[in-house]
Amino acid sequence: MKRAKQCPIWLLFLTALGCLSTLTAWAQEGTSHSIDTGDTAWILVSSALVLCMTLPGLALFYGGLVRSKNVLGTIMHTAIILCIISIVWVLWGYTLAFGPDVGGIIGGLDHIGLMGVGPEAFPGTGIPHLVFMVFQMMFAAITVALITGSFAERMKFTALLAFAVLWATFIYSPLAHWVWGGGWMAQMGFLDFAGGAVVHISSGFGALICAILVGKRKGLGTEVMAPHNLPMTVLGTGLLWFGWFGFNAGSALGANEVAASAFVATHIAACAGGLSWMIAEWINQGKLTVLVVASGIISGLATITPGAGFLGPLSALFVGFAAGIICYMAVIWKTRLGYDDSLDVVGIHGVGGFTGILATGLLASIGAQGLFFGNTSQFAIQAGLAVVALIFSVVGTYIILKFVDVTIGLRVSLEEETLGLDLSQHDERAYS
Amino acid sequence: MKFIQAIIKPFKLDEVKDALIELGVQGMTVTEVKGFGRQKGHKETYRGTEYQIDFVPKIKLELAIPDNLEQKVLETIARAAKTGSIGDGKIFVSEVNTVIRIRTGESGEGAV
């Protein structure tokens, strides 16, 4: 009797599936150079999801990690970077990254001020050029915002503004061009699905230089610098996770099977990262803390980013698990090396992104082959170009920071630092 | 009259309060305080970095009592606040010269 009742539901389900697959097949035939409404809808939503990663996601994640006198200053870094980099992207950032290729090095100036970027389909996709542009805009903004965690609680606000513009122009745009804009790395077959190198290696290792050149916070090692609001950080973690589906699955640039596998890989890696970092700290220090679960989730997300669309679910599980352990070790080593990467941008994004690029070279199985799937050359390409991206970011960030230091000065005064950024830079307090 | 100051573990407050009311204590003042004794604070861990927290949260209980209740009150607080583990706190006793009840103007033990 029960079986008989279930039959019609299953039939209905199968019929629906059948209809859906016919529709999909029909849609795929039509994608070549015309606008696909499904793809466009998904990338529009994904763009908003990536925005949500930056503000409020990253702003809350970082804001909770600092001391209460610096929470507004920290949130402000992310908020204003979002505004500025979006404008830079419109004026010259987009064309440097995605304008017509000039010698594999940089995009031409054809799209300066978004000239010629309209509703027509972006080549090779079913989405309007404008939608592609705005999706990429969100990536540029969050990449620069990620770096702010390394110099939190002590950076001069005007210096931050100059640094953000210069970094987006001279580091992010060229790197995005090399990897995604048809530049020399793309021509060599480098695999970076959603930004392991472009976003995470570049911001993570740029952050290392920032931490070293801006210097340690006053009182580091003697004063308590514990996070002032961990629930805020966990809220930020959730919003980053939520937005990361747009970041990774949106990078398929369509509502298709690649987006589906990237979506699944993203979630699996986040969960595995949260679990493995927790276990690593539990075994090593006998603690079970909320902050490391949040950190582990972000490390899993950052590490799966370059391989999200290339890795199967079990590979994603492995990568996420490795991410939590490797990033945990990196964060522990930071303390021994003695630099003050205040919110662990290097340990989580730099090391995570690098690990993910290597893992993609080993485990890619969807739309590309890694070492374990028979393509012996891919791993060497991944490793070599990840190192190049790292060096490019390190050297470029060093030059930019030195320039800003000479012209504006990087740090607030000792008195301002002691008072806190909220009052010294913004004349406001978060909690009164 | 005696003035009692007891520093106790925060989660023991209700037990101590109920036991004192049973004895006939009329009132008390409670403050959230921080401090350390021989225990010397505790450690907190944030993403692998350990912080020594010198001042541990405690409750400070203050009450004035007639001399005849002193022994019983001290025993009661010591019993109710005790866990047997480190950081149980301390009790301080001092003499009270004068007490004035503001509403009525009474003074002396009747004002407690």
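**Exercise 1.** In this predicted model, determine how many residues of chain A are in contact with chain B, and which helices of chain A supply them.

*Solution.* Begin with the count: 14 residues of chain A are in contact with eight residues of chain B. Next, assign the chain A side to its helices: helix H9 (257-285), helix H10 (290-304) and helix H11 (313-337) of chain A each supply at least two residues. Finally, sort this side of chain A by class, which gives seven nonpolar, four polar and three charged residues.

**Exercise 2.** Establish the strand order of the open sheet in chain B, and identify the strands at its edges.

*Solution.* The four strands of chain B follow the order S2-S5-S1-S6, with antiparallel pairing. Strand S2 (29-35) and strand S6 (89-95) of chain B each have a single partner strand, so one side of each lacks a neighbour in the sheet. On average, neighbouring strands are turned by 20° against each other, direction ignored. Within the sheet, strand S1 (residues 2-8) and strand S5 (residues 56-65) of chain B are joined by seven bridges. B:Lys60 in S5(B) stands opposite B:Ile7. Helix H2 (residues 70-80) of chain B lies across S1, S5 and S6 of chain B, at about 165° to S6(B).

**Exercise 3.** Classify the packing of helix H2 (residues 37-65) against helix H3 (residues 71-98) in chain A.

*Solution.* The helices pack at an angle of about 155°, with their axes 9 Å apart. Angles over 145 degrees count as roughly antiparallel; H2(A) and H3(A) are therefore roughly antiparallel to each other. The crossing of H2(A) past H3(A) is right-handed. By class, their contact has eight nonpolar, four polar and no charged residues.

Notes. Residues numbered from 1 in each chain as written. Chains lettered and ligands numbered in written order. Predicted model: local features only at pLDDT ≥ 70, side-chain atom pairs only at ≥ 80, totals over all residues. Contact = placed C-beta atoms within 7 Å. Nonpolar A, V, L, I, M, F, W, Y, C, P; charged D, E, K, R; others polar. Pairing = 2+ DSSP bridges. Axes fitted to C-alpha atoms, helices over the stretch in contact; angles between N-to-C directions. Parallel < 35°, antiparallel > 145°, perpendicular 65-115°, else oblique. Left-handed = near helix turned anticlockwise from the far one by under 90°.
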